[in-house]
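Reader: I should like to study a protein structure by asking questions about it. May the sequence and the model be shown before we begin?

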Amino acid sequence: MGGDAALHIAAPEAAGFVDRRTLTDQYERIVSAYGPALVRLTACYESRPHAREDLLQEILLAIWKTLPGFRGECSQKTFVLRVAHNRCLTHVWRRGKSAESPAELPEVPDPRKSPETMAIDNLRRESLLAAIRALPVNYRQAITLALEDLAPAEIAAVLGVTENNVAVRLNRARKALRSILEERP
Amino acid sequence: MSMDLELADWRTDWLAHETSDAAMLRLDLRRLVERKRREMALALCGQLLLGAVLLAFSAWFAFTRPAMEWILWAAVMWAATFFAAGFAIRNTAGTWKALQESNAAFLDLSRRRCLRELRAIRLGRWFLAVLLIIVASWLSWDCATHRLPVGPYLFAMAVTILLAAVYLAWFACRERRGLRDLRRLDQFEEEGEP
């Protein structure tokens with residue numbers, strides 16, 4: 001994250017009561033532990049690389065701003081994922097489009113015509129991400145948390161619903177995702 | 001394919017690493033935070049400046065014309081300005097804190113914030129109507145008692161009506177945005193119903 005110099009910034013409002021060094025260390029540990037998961041999450045909400053980067057910046061900023069107020073009411077993982085998913089939800093609601101329609105999904109290049117360096121697993125990953133972006137937001141949230149290997153109880157804690165509700169959403173999400181992936185060549 | 005194998009298969013694709021992923025994490029947080037801070041400070045300065053100009057003008061007017069009607073007028077301006085400022089502060093308070101709530105609680109908070117804003121807009125319209133009646137009556141009375149010539153009276157009425165129209169348009173725009181946000185929030189809740 002660019003070392004200590006990049007993080008010697010004006011700290012959030014409550015930082016007067018929280019050691020700035022501790023806050024910075026805590027933030028760096030969060031980015032190190034959950035950064036890749038956050039990057040994957042942004043890919044479920046934005047297909048365009050620059051918009052993905054903007055969304056990631058918004059999420060990281062939100063984590064930085066809310067960290068001083070975190071008092072351990074839930075696990076750190078739940079806290080980070082809650083902030084990230086809520087920020088993504090705001091992004092969707094402001095943009096006004098909750099899902100990309102399957103018709104808008106980017107064409108997956110024909111592997112016979114793509115450059116030799118394009119790995120098959122990248123194509124499969126892009127197909128999966130595009131299909132996830134076509135899901136309604138509530139299914140998207142459930143399936144992305146499941147793909148991050150969260151237990152149903154953890155997913156319920158992030159979403160603020162019962163485990164039963166999580167199971168139903170996951171079932172529906174998987175059915176919808178399977179259907180979208182089967183439609184594509 | 002069994003359900004667990006299917007999920008495991010998707011998980012493999014999901015966790016596949018892209019070279020651009022690590023680069024996305026190497027962002028300069030300092031620059032981002034400073035940019036956000038500047039944007040928020042500029043917006044706040046703009047609002048404070050407008051408020052200060054209104055307060056200063058009404059105070060100066062009442063001071064240079066120490067008659068009861070101008071003092072009352074200044075009092076109305078000050079009350080309206082503080083009301084608007086209080087609403088703006090209350091509406092934005094806790095914006096960041098809300099993000100760490102669970103998704104369901106965040107949706108609920110966002111919904112309540114929308115409803116609160118819509119209620120404030122309705123209240124604002126009534127308040128504007130009352131102000132318009134007071135100002136129009138005041139000016140008309142001054143014109144009728146020959147304290148205000150017809151020319152300045154018409155000009156003052158035109159300015160009053162224009163300002164009221166601008167405020168109404170602004171209220172209408174905020175109301176449309178509020179209703180749009182409420183519809184989208186309802187849509188998220190409906191999608192999540194098992």
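Author: The questions and answers below go from chain A as a whole to single residues in both chains. This is a predicted model, in which local features need pLDDT of at least 70 and side-chain atom pairs count only at pLDDT 80 or more, while totals for chains, interfaces and linings use all residues. Residues are numbered from 1 along each chain as its sequence is written, chains are lettered from A and ligands numbered from 1 in the order in which they are written, and side-chain values use heavy atoms, with hydrogens and water left out.

Reader: How many helices and how many strands does chain A have?

Author: Helices (H or I, at least four residues) and strands (E, at least two) are DSSP runs, numbered from the N terminus. Along the sequence, chain A reads α-α-α-α-α-α-α-α. The count for chain A is therefore eight helices and zero strands.

Reader: What percentage of the 185 residues in chain A is buried?

Author: A residue is buried under 20% relative accessible area, exposed over 50%, and partly exposed in between (1.4 Å probe, protein chains only). Of the 185 residues in chain A, the buried share is 54%.

Reader: What share of the contacts in chain A with a separation of 6 or more comes from residues 24 or more positions apart?

Author: A contact means heavy atoms within 4.5 Å. Among the contacts in chain A with a separation of 6 or more, residues 24 or more positions apart supply 68%.

Reader: How many residues of helix α6 of chain A are buried?

Author: Helix α6 of chain A spans residues 137–147 and is mostly covered. Its buried residues include Val137(A), Tyr139(A), Arg140(A) and Leu147(A). The number of buried residues in this helix is eleven of eleven.

Reader: Which residue with a positive phi follows α6(A)?

Author: The residue lies in the loop between α6 and α7 of chain A. Its phi is near 70°, a positive value in a residue other than glycine. With a relative accessible area of 52%, it counts as exposed because the cut-off is over 50%. The residue is Asp149(A).

Reader: Which residue forms a salt bridge with Arg40(A)?

Author: Side chains of opposite charge can pair when their charged atoms come close. A salt bridge is a side-chain nitrogen of Lys or Arg within 4 Å of a carboxyl oxygen of Asp or Glu. The closest N and O atoms of this pair are 2.8 Å apart, and the partner of Arg40(A) is Glu148(A).

Reader: How many residues apart are Arg40(A) and Glu148(A)?

Author: Arg40(A) counts as buried at 12% relative accessibility, and Glu148(A) counts as buried at 17%. Arg40(A) is in helix α2 (residues 20–43), whereas Glu148(A) is in the loop between α6 and α7 (152–159) of chain A. The pair links distant parts of the chain, and the separation in residues is 108.

Reader: Which side chain of opposite charge is nearest to Arg52(A)?

Author: Arg52(A) is found in helix α3 (residues 49–66) of chain A. Its side chain reaches the backbone oxygen of Ser47(A) at 3.4 Å. Lys and Arg count as positive and Asp and Glu as negative, while His and the chain ends are not counted. Arg52(A) is buried yet has no salt bridge, and at 4.5 Å the nearest side chain of opposite charge is that of Glu126(A).

Reader: Which residue of chain B meets Asp186(B) in a salt bridge?

Author: The N to O distance in this salt bridge is 2.8 Å, and the partner of Asp186(B) is Arg111(B). The two are 75 residues apart, with Asp186(B) in helix α7 (residues 150–191) and Arg111(B) in helix α6 (residues 103–144) of chain B. Asp186(B) is partly exposed at 26%; also partly exposed, at 25%, is Arg111(B).

Reader: With which residues is Val135(B) in contact, leaving aside its neighbours within four places in sequence?

Author: Val135(B) is in helix α6 of chain B. At 12% relative accessibility, Val135(B) counts as buried. Once neighbours within four places in sequence are set aside, its contacts are Trp73(B) and Thr160(B).

Reader: What is the phi of His146(B)?

Author: His146(B) is found in the loop between α6 and α7 of chain B. At 72% relative accessibility, His146(B) counts as exposed. Its phi is positive, in a residue other than glycine, and the value is near 65°.

Technical notes. A polar contact is a pair of N or O atoms within 3.5 Å; within protein, one must be able to donate a hydrogen and the other to accept it, and residues adjacent in sequence count only if both atoms are side-chain atoms.
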